[in-house]
Amino acid sequence: MSESSASGRKLVLSTLLETDHYESLIKDLTCTKCNKYMKPPIYLCVDGHSICGLCYEKSYQCHVCKKEFALIRPQILESLANKMMFPCTNEGCPKHANLSLLEKHIAHCQYRIIKCFMARVYGECIWEGRAGEWMDHCFAEHKEKVTDLPFITVNDKWNGKRTEPVLNYFLLKCYDRIFNVYQIYDKKGGRMMWTVLVNDDQAEKFYFEVDIFLPNVPSKRIVYRRPCKCEKDADFLEHTQNVFIPIENIFSMLDESESINFTVRIGEVENLPLLESPTASESLILLNSDYKEEEE
């Protein structure tokens, strides 16, 4: 297909989606009880008023005419619902898609209204706006918690009285993605956890390192490397590939001001060198030879 014909089809589709006729069809496929798009199964009352499946399960009669529901379903209406390109319900978003794709889109739509997540961790922020504008807000109002570099270094004062599990939350804008860094204190489990989430189905292409250190004491250092996780992973807090460190090890790394110092780095797995199997050390070889001589 040529570029001109493809662009022509997009223009025709765009024009169709903006017609009053198409908007009327969308209205007919919108549940009049919950005001959400209807997808099969769709139900009717005996007078022909339609209702979505979820509302039908919660109702014993039609919410419009108060009559009972019919025993048949509107096959034509259900067929249209499967074929229609529905507009995103977030104001200003130009996206149109079938219902299955639209449900996935809305969850990550850049036009959806959100509250600043920093407020849930640190408090005091009252910002509310479009998801696509949140990073600009963070760079303007939370400069110490965001960076456009692939690493961030933190000096965090230990506070044993904190009850919130999420101690710190950072945003790293690198590799054309946004990486969400969580530091979580599992008080019940007696451990500190770090994990990094990214909105990418191939999150395993990236790794993160947690480097805990004592300033001016190079002999004391804890370094862990783990793969990043996808934001869609519902069980990311229980993931075995998170960084888990016993709290007593954390205490041993507190500096004179009772602060923990650490750096979180993001990298691409493909750029990591492949490590070869270690060879036996000279001391181990000598030790084995001594045992053999004694046996003889």
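The following exercises, each with a worked solution, concern a predicted model of one protein chain.

**Exercise 1. Overall description**

Task: State what the secondary structure of the protein chain comes to, and what share of its residues counts as buried.

Solution. Begin with the secondary structure, which comprises nine helices and 16 strands. Next, take burial: 35% of the 296 residues count as buried. Then turn to the surface, where the protein chain exposes about 19,400 Å², with carbon and sulfur atoms supplying 52% of that area. Finally, consider the contacts with a separation of 6 or more: residues 24 or more positions apart account for 51% of them.

**Exercise 2. Salt bridges between distant parts of the chain**

Task: Determine where the partners of the salt bridges Lys67 with Asp47 and Arg177 with Asp200 are placed, and classify each residue by its accessibility.

Solution. In the Lys67 and Asp47 pair, the closest N and O atoms are 3.1 Å apart. The two residues link distant parts of the chain: Lys67 belongs to the loop between α3 and α4, Asp47 to the loop between β1 (42-44) and β2 (50-52), and they are 20 residues apart. Lys67 is partly exposed because its relative accessibility is 37%. Asp47, with 43%, is likewise assigned to the partly exposed class.

For Arg177 and Asp200, the closest N and O atoms are 2.5 Å apart. This pair also links distant parts of the chain, with Arg177 in strand β10 (residues 177-186), Asp200 in the loop between β11 (191-198) and β12 (206-214), and their positions 23 residues apart. Arg177 has a relative accessible area of 24% and is therefore partly exposed. Asp200 counts as buried because its value is 13%, which is under the 20% limit.

**Exercise 3. A further pair and a network**

Task: Identify the residue whose side chain meets that of Asp186 in a salt bridge, and name the residues joined into one network.

Solution. The partner of Asp186 is Arg191, at 2.9 Å from N to O. Asp186 is partly exposed at 24%, and Arg191 is partly exposed at 29%. Elsewhere, salt bridges with shared partners connect Glu209, Asp211, Arg221, Arg225 and Arg265 in one network. The count of salt bridges comes to nine.

**Exercise 4. Backbone geometry**

Task: Locate the cis peptide bond from Pro40 and two residues with positive phi, Glu124 and Asn216.

Solution. The reference point is that most residues other than glycine have a negative phi, and most peptide bonds are trans. The bond from Pro40 to Pro41 is cis, with omega near 5 degrees. Pro41 is in the loop between α2 (20-28) and β1. Outside the neighbours within four places in sequence, the contacts of Glu78 are Pro40, Pro41, Ile42 and Arg73. Glu78 itself is part of helix α4 and is buried because its relative accessible area is 10%.

Glu124 has a phi of about 75 degrees and sits in the loop between α6 (118-122) and β6 (128-130). Its relative accessible area of 82% makes Glu124 exposed. Asn216 has a phi near 70 degrees and is placed in the loop between β12 and β13 (217-227). With 81%, Asn216 is exposed.

**Exercise 5. A charged surface patch**

Task: Name the residues of the positive surface patch and classify Lys58 as buried or exposed.

Solution. The patch is formed by Lys33, Lys36, Lys58 and Lys66. Of these, Lys58 is in the loop between α3 (53-57) and α4 (75-83). Lys58 counts as exposed because its relative accessibility is 71%, a value over the 50% limit.

Technical notes:
Residues numbered from 1 in each chain as written. Predicted model: local features only at pLDDT ≥ 70, side-chain atom pairs only at ≥ 80, totals over all residues. Heavy atoms only, no water. Patch = residues over 30% accessible without salt bridge, like charges linked within 9 Å, V, L, I, M, F, W, Y side chains within 5 Å. Areas by Shrake-Rupley, 256 points an atom, 1.4 Å probe, with all protein chains shown as cover. Salt bridge = Lys/Arg side-chain N within 4 Å of Asp/Glu carboxyl O. Lys, Arg positive; Asp, Glu negative; His and termini not counted. Charge placed at Lys NZ, Arg CZ, Asp CG, Glu CD. Helix = DSSP H or I, 4+ residues; strand = E, 2+ residues; numbered from the N terminus. Buried < 20%, exposed > 50% of the residue type's maximum accessible area, 1.4 Å probe, protein only. Contact = heavy atoms within 4.5 Å.
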